[in-house]
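Please open the structure in your viewer and keep the selection tool at hand. The tour begins with the whole chain and then proceeds from one selection to the next.

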Amino acid sequence: MTLEQLRIFIAVAEREHVTQAAAYLNLTQSATSAAIAALEERHAVRLFDRVGRRIVLTDAGRLFLGEARAVLARAEQATRLLGDLAGLKRGTLRLAASQTVANYWLPPLMQKFHVAHPGFVLELVPANTVDVARMVHAATVDLGFVEGEITDSALSIQSVPGDRLALVVAPGHVWANRPPTRAADLKSSPWVLREIGSGTRAVCENVFAQRGLGIGEIDVAFELPSNEAVRVAVESGAGATIMSMLVVAQSIDAGRLVAVAFDIAPRQFHVLRHKERHLSVAEQRFLELVQ
């Protein structure tokens, strides 16, 4: 069993698709299939079943996936240590971030790091807050950056300055000229929200709770899986939302959205890392940029 076989197995297991895994790994489909077949033949166990056009993990495959990830994480930790000894001349830094952070806040910091350490490859996985925390916990990424609050005893969580938030509506919305002042006003408009698990969704629910309202008392017209989808829906007149100014500033400047006079405290972002993992020099340098 080789580390390359483990990487191929994990990629196929996560995508449930040989062709997609091969493309991700920059391998041929035949090489990818051969690596899986060699694992199964060598250990006399079936790791995948075919279901229609998909492949799915068997019970043995599901058990093996956790072990494979752990072995690969340890090997990559050893590689990072050697990278530290090489003086940050080359290596890979794997990041995961919730959508607002990944799309708007983190890229300039990644560019600064790249200029300082051009031999390092930066990988970024966008996901919602809950999924980012899971990836850091599983050690499939080195650092996570999220908007929402996370409680996980296995993770080190550090707060950093975040962003400003705004209640926004389309220009024709009644709140564009008459902002809501009471809890009852917030129930008078439909709302467009992110999905459960999103940091932006948590902010909205906190705003409602601070005014004595549960999510069940709010008229939620749409729950959408991305900031861009929420913003476009609100621009189209679907209702109100609360979003980062990083996301809506251009729409406000263009007159497609109106920032309603409404008091919302700035929020912090949170940096996540696994307490039991070695903090590499590359991670330290990146955290210095963030701070």
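**The whole chain**

About 14700 Å² of the chain is exposed, and carbon and sulfur atoms supply 53% of that area. Please bear in mind that this is a predicted model. With the complete chain displayed as a C-alpha trace, its span along the principal axes is about 70 × 50 × 35 Å. A cartoon representation shows 11 helices and 12 strands. Of the 291 residues in the chain, 47% are buried. Among contacts between residues at least 6 apart in sequence, 73% join residues at least 24 apart.

Next, colour the charged side chains. There are 30 positive and 30 negative ones, and the centres of these two sets lie 3 Å apart.

**The five-stranded sheet**

Now select strands S4, S3, S5, S12 and S6, listed here in their order across an open sheet with mixed pairing. Strand S4 (120-126) and strand S6 (155-163) form the edges, each pairing on one side only. From one strand to the next, the twist averages 25 degrees.

In general, the strands of a sheet pair through backbone hydrogen bonds, in either a parallel or an antiparallel manner. Within this sheet, restrict the selection to strand S3 (residues 91-97) and strand S5 (residues 143-146), which pair in the parallel sense over three bridges. Ala-97 can be located opposite Phe-145 in S5.

Add helix H5 (residues 99-116) to the view. Helix H5 packs on the sheet and touches S3, S4, S5, S6 and S12. The direction of helix H5 makes about 175 degrees with that of S4.

**His-278, beyond strand S12**

Where does His-278 have its place? Select the loop between strand S12 (267-274) and helix H11 (281-290), where this residue is found. His-278 has a relative accessible area of 31% and is therefore classed as partly exposed, since that class lies between the 20% limit for buried and the 50% limit for exposed residues. Then display the C-alpha atom of Asp-142: Asp-142 and His-278 are 136 residues apart along the chain, and their C-alpha atoms are separated by 9.7 Å.

**Thr-32 in helix H3**

For the last stop, select helix H3 (residues 29-43) and find Thr-32 within it. Is Thr-32 buried or exposed? Thr-32 is buried, because its relative accessible area is 0%. Display its surroundings: leaving aside residues up to four places away in sequence, Thr-32 touches Ile-8, Val-12, Val-18, Ala-22 and Leu-27.

Terms used
Residues numbered from 1 in each chain as written. Predicted model: local features only at pLDDT ≥ 70, side-chain atom pairs only at ≥ 80, totals over all residues. Heavy atoms only, no water. Helix = DSSP H or I, 4+ residues; strand = E, 2+ residues; numbered from the N terminus. Buried < 20%, exposed > 50% of the residue type's maximum accessible area, 1.4 Å probe, protein only. Contact = heavy atoms within 4.5 Å. Areas by Shrake-Rupley, 256 points an atom, 1.4 Å probe, with all protein chains shown as cover. Lys, Arg positive; Asp, Glu negative; His and termini not counted. Charge placed at Lys NZ, Arg CZ, Asp CG, Glu CD. Pairing = 2+ DSSP bridges. Axes fitted to C-alpha atoms, helices over the stretch in contact; angles between N-to-C directions.
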